[in-house]
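Me: Could we walk through this structure together, one question at a time? I would like the reasoning along with each answer.

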Amino acid sequence: MTLQIKTLEQYKEVYQESVEKPEFFWAKQAETFHWQQKWDNILEWDFKTPAVKWFEGGKLNITENCLDRHLATRGDQPAIIWEPNDPNAPAKTYTYKELHAEVCKFSNALRANGIEKGDRVCFYMPMVPELAIAVLACARIGAIHSVVFAGFSATALADRIKDATCKMVICSDYNARGAKNIPVKAVVDEALKQGCSSIEKVIVHKNTGGEVQWDDAKDIWWHDTMKDRATTCKPETMDSEDMLFILYTSGSTGKPKGVVHTCGGYMVYTAYTFNNVFQYQEGDVYWCTADVGWITGHSYIIYGPLLTGATTMMFEGVPTYPDASRFWKICEKHQVNQFYTAPTAIRALMAKGDEYVNGHDLSNLKVIGSVGEPINVEAWNWYNEKVGKGNAPIIDTWWQTETGGIMITPLPGITDTKPCYASYPMPGIQPILVNADGEEVKGNDVEGLLCIKFPWPSMIRTTYGDHERCRQVYFSAFENMYFTGDGCRRDADGRLRIIGRVDDVINVSGHRMGTAEVENAINEHPAVIESAVVGYPHDIKGQGIFAYVIAQEGTAGDADFEKELRAVVTKVIGPIAKPDKILVVPGLPKTRSGKIMRRILRKIASGDASNLGDTSTLLNPEIVDAVRKAAGV
């Protein structure tokens with residue numbers, strides 16, 4: 001196993017070593033894995049091009065490290081526990097032996113259906129074990145997986161299939177989500193009508209058994225193609241820098257970016273971070289509630305846990321079905337030790353009331369984590385008190401699709417925690433704050449733009465089919481640095497706090513303010529459920545502050561409520577941060593990963609609703625018109 005840090009003193013020593021001798025440090029982590037052939041060179045890098053290569057010349061297969069190397073010692077240990085959407089249906093467990101056999105069978109099925117090393121395979125599936133099995137099967141035969149969240153529209157799916165020229169789609173018939181059965185195969189059929197000429201076959205997993213249209217020339221049932229397949233499959237030999245997967249992330253231009261991760265560096269970094277950030281111990285049950293359609297699901301449901309020999313959970317459903325106690329019932333049922341979820345889910349459950357979490361035995365929880373966006377103070381405190389009971393440290397993790405793994409985080413029981421602070425960099429990560437001219441902002445109690453000045457193993461290698469875009473987006477802003485796109489504050493003790501995307505930082509009369517900071521203040525008002533703050537053009541201040549607020553019934557149009565909100569913000573931050581405009585809205589436009597689409601809110605705040613771009617991939621596209629109507633634009 002990779003190194004697991006146990007004390008604050010050790011963290012400081014290891015961090016120092018990782019900065020002074022980075023190649024030596026990462027070689028030590030990499031040596032804990034099975035390599036078919038050792039690397040010739042640990043690291044070669046140039047951020048100008050950009051070109052980054054880790055463990056060059058090393059030969060491996062990531063699935064040998066996820067599965068085969070565990071068979072002798074933990075073959076009968078649960079590898080994946082799957083909790084279905086229906087609370088009355090039984091959970092399903094795959095031991096490492098069983099998972100290995102299923103992955104080998106599907107690897108053989110893929111090869112029999114014409115998939116070879118280097119081919120791209122698109123996934124559009126619910127959170128079922130077959131998704132993990134098929135992703136690992138792709139990696140085993142050297143095919144490149146591209147998982148698309150099974151909630152995106154047919155057009156969004158088609159765009160991603162075409163960009164990666166995928167040869168196959170793997171999907172289900174329907175997705176059981178809450179009280180609904182959502183057609184999945186029908187969306188794939190619709191996408192394939194939109195010029196996806198590279199697709200040769202579609203493998204369909206029978207999830208609900210609902211009716212689907214069928215094309216005998218193209219469509220294949222999962223269960224049919226798995227029949228009589230051998231339970232062994234020789235893993236393809238991969239170079240450390242061979243592509244492992246493509247994962248699409250929203251771009252500022254609207255066109256999704258295909259973020260590329262490679263085999264060796266991604267393997268080393270995800271295992272190393274999982275082992276340390278969650279302080280996983282033999283016999284623990286670990287649960288990340290994310291969807292495999294996002295990087296969190298890739299790194300911390302599938303690869304990180306399995307590389308470490310952990311027991312990882314997958315959940316098919318939603319946190320509020322059949323009611324808001326579902327997460328806590330599952331934690332109690334499976335005696336979960338590490339729990340990792342998003343602030344969006346925490347806030348939604350907090351709004352439902354404490355009665356849903358009270359009374360559930362959560363005493364097994366040792367670590368509770370947050371991912372996806374900075375967690376606000378109220379949600380942090382509720383999570384800490386009601387879920388962690390003050391005994392399970394909160395790890396507020398900062399990282400990105402492009403970074404491959406967690407970059408800045410408290411280490412539970414080792415480093416301190418502070419609400420809203422991602423805190424400290426992982427050993428091996430060298431963050432730097434710079435000003436708009438790229439000059440380092442030194443010292444503590446300062447703000448700047450967050451960059452990383454030295455490569456790490458799981459960093460983005462390119463954007464698929466468009467390397468120049470990768471250079472422009474991440475490496476062109478500042479010389480010899482990866483620019484995260486985030487503003488960041490370093491407090492008096494050196495902890496780091498992400499204060500929002502750079503375009504989410506408002507400059508009011510020369511004062512820079514993170515939107516998250518103002519939102520945290522607004523959210524302290526007891527009648528506020530959620531808020532989103534954006535800047536808009538202001539004749540005197542340059543930028544004014546526009547606050548969209550979801551509030552309890554009866555507050556819309558209440559002048560006292562607006563006064564109270566401004567008073568709260570003045571109290572928490574100061575009068576400079578008082579919102580100039582406050583609009584009570586029925587909801588906020590969000591992406592399917594729960595991020596607020598501030599681009600749309602900024603346009604509406606500026607009084608221009610003429611071109612809001614494509615809203616079809618939003619979780620709730622209908623809310624856009626409701627917000628426009630409330631704003632009178």
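Me: Is E31 buried, partly exposed or exposed?
Reply: Happy to start there: this is a predicted model, in which local features need pLDDT of at least 70 and side-chain atom pairs count only at pLDDT 80 or more, while totals for chains, interfaces and linings use all residues. Residues are numbered from 1 along each chain as its sequence is written, and side-chain values use heavy atoms, with hydrogens and water left out. Buried means under 20% relative accessible area and exposed means over 50%, with partly exposed in between (1.4 Å probe, protein chains only). The relative accessibility of E31 is 45%, so this residue counts as partly exposed.

Me: Which residue does the side chain of E31 meet in a salt bridge?
Reply: A salt bridge here needs a side-chain nitrogen of Lys or Arg within 4 Å of a carboxyl oxygen of Asp or Glu. For E31 the N to O distance is 3.3 Å. The partner has 47% relative accessibility and counts as partly exposed. That partner is K38.

Me: How many residues apart in sequence are the parts that E530 and R347 tie together?
Reply: These two form a salt bridge, with the closest N and O atoms 3.6 Å apart. E530 sits in strand β28 (residues 528–538) and R347 in helix α13 (residues 343–352), so the pair links parts with a sequence separation of 183 residues. Helices (H or I, at least four residues) and strands (E, at least two) are DSSP runs, numbered from the N terminus.

Me: And is E530 buried or exposed?
Reply: Its partner R347 has a relative accessibility of 12% and counts as buried. E530 has a relative accessible area of 11%, so E530 is also buried.

Me: What is the N to O distance in the salt bridge of D608 and K603?
Reply: Here D608 is partly exposed at 28% relative accessible area, and K603 is partly exposed at 24%. Their side chains meet with an N to O distance of 3.3 Å.

Me: How many salt bridges does the structure hold?
Reply: Some residues are linked in a network of salt bridges: D416, K418, D491, D493 and R495. Over the structure, the number of salt bridges is 32.

Me: Which helix gives the most residues to the largest nonpolar core?
Reply: A nonpolar core is a set of buried Ala, Val, Leu, Ile, Met, Phe, Trp, Tyr and Cys residues joined through side-chain atoms within 4.5 Å. The largest one has 117 residues, and L99, F106, F123, I170, F278 and Y303 touch the most other members. Ten of its residues come from helix α6.

Me: How many residues make up the second, separate core?
Reply: V148, F152, V169 and V204 are included in this core. Its size is 30 residues.

Me: Which strands stand at the edges of the sheet that contains β21 and β25?
Reply: Strands pair if DSSP finds at least two bridges between them. This open sheet runs β21-β22-β24-β25 with antiparallel pairing, and four bridges join β24 to β25. An edge strand has a single partner, so one side of it is left without a neighbour in the sheet; this holds for β21 (431–434) and β25 (496–501).

Me: Which residue of β25 stands opposite R489?
Reply: Strand β24 covers residues 482–490 and runs antiparallel to β25. Facing R489 from β25 is R497.

Me: Where does S458 lie?
Reply: S458 is buried, with a relative accessible area of 1%. Contact means heavy atoms within 4.5 Å, and beyond four places in sequence S458 touches residues including H261, Y266, Y269 and E402. Its location is the loop between β22 (446–452) and β23 (462–463).

Me: How many disulfides does the search of the whole structure find?
Reply: A disulfide requires two cysteine sulfur atoms within 2.5 Å. C66 is buried at 0% relative accessible area, and the nearest cysteine sulfur, in C263, is 11 Å away. The sulfur of C171 is 9.5 Å from its closest counterpart in C122, too far for a bond. The number of disulfides found is zero.
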